[in-house]
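Visitor: I have not looked at this one before. Can you walk me through it?
Guide: Yes, here it is.

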Amino acid sequence: MKEPIVKEDCPQLPDDASFVTNGESSFPLKRANQLRGDIAVQSFWAKGSLAIFDVRRCHTNAPSLKKAFSTPAKALANAEKIKKEKYLKHCLRKNWHFSPFVVSIDGMLGVEASMVLKKIAEDQAAKMDVPKSVVINWLRTQISFASLRGNFRCCLLYTSPSPRD
């Protein structure tokens with residue numbers, strides 16, 4: 001089985017006027033009519049096709065979301081729905097797969113993010129000859145720690161003293 005290729009900088013994608021894919025902004029700033037996915041992976045869901053992932057961290061305990069949605073899972077599902085409304089039709093036009101990767105600030109995964117991690121776990125478990133449960137536990141732990149690091153960075157931004165002249 002051929003290993004999927006992760007494209008951090010996708011040189012063929014910026015030529016398209018309607019969709020630009022890039023994790024870090026090494027391409028020119030996006031124009032108002034362009035959409036930008038965060039990650040592109042070749043042969044992730046199907047051999048030979050491109051999978052686009054767009055990542056979003058959601059503060060499910062925010063007062064506005066608590067009023068609108070009864071549970072954090074519903075807030076994450078709504079965030080996934082918004083991402084799909086924005087990106088899915090453009091990806092389908094190009095015969096690409098699109099998966100929103102929505103995670104709450106406390107590490108809770110959206111449905112699509114869980115499916116992505118399960119696929120990664122299946123592939124890695126088969127390759128490394130370890131149980132799938134071990135790999136998925138490790139992946140979820142990594143996602144949780146990454147989320148905590150992001151929270152910590154946000155706290156530092158708002159609590160650090162301003163530079164003095």
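Guide: A word on terms to begin with: accessible areas come from the Shrake-Rupley method with a 1.4 Å probe. The model shown is predicted.

Visitor: OK, about how much area does the protein chain expose?
Guide: About 10800 Å², and carbon and sulfur atoms supply 59% of that.

Visitor: And what percentage of the residues count as buried?
Guide: Of the 165 residues in the protein chain, 36% do.

Visitor: Switching topic, how many helices and strands are there?
Guide: The protein chain has 4 helices and 6 strands. Along the sequence the pattern reads β-β-β-β-β-α-α-β-α-α.

Visitor: What about contacts along the chain, how many join residues at least 24 apart?
Guide: Taking contacts between residues at least 6 apart in sequence, 47% join residues at least 24 apart.

Visitor: Let's pick a residue. Where does Thr60 lie?
Guide: Thr60 sits in the loop between β5 (50-58) and α1 (63-68).

Visitor: Buried or exposed?
Guide: Thr60 is buried, because its relative accessible area is 5% and buried means under 20%.

Visitor: Which residues does Thr60 touch?
Guide: Leaving out residues up to four places away in sequence, Thr60 touches Leu65, Lys66, Pro72, Ala75, Leu76, Ser104 and Asp106.

Visitor: Now Gly37. Which strand is Gly37 in?
Guide: Gly37 belongs to strand β3, residues 35-37. Gly37 counts as buried, because its relative accessibility is 0%.

Visitor: And what separates the C-alpha atoms of Gly37 and Ala51?
Guide: 9.9 Å, with the two residues 14 residues apart along the chain.

Terms used:
Residues are numbered from 1 along each chain as its sequence is written. This is a predicted model: local features need pLDDT of at least 70, side-chain atom pairs count only at pLDDT 80 or more; totals for chains, interfaces and linings use all residues. Side-chain values use heavy atoms; hydrogens and water are left out. Helices (H or I, at least four residues) and strands (E, at least two) are DSSP runs, numbered from the N terminus. Buried means under 20% relative accessible area, exposed over 50%, partly exposed in between (1.4 Å probe, protein chains only). Contact means heavy atoms within 4.5 Å.
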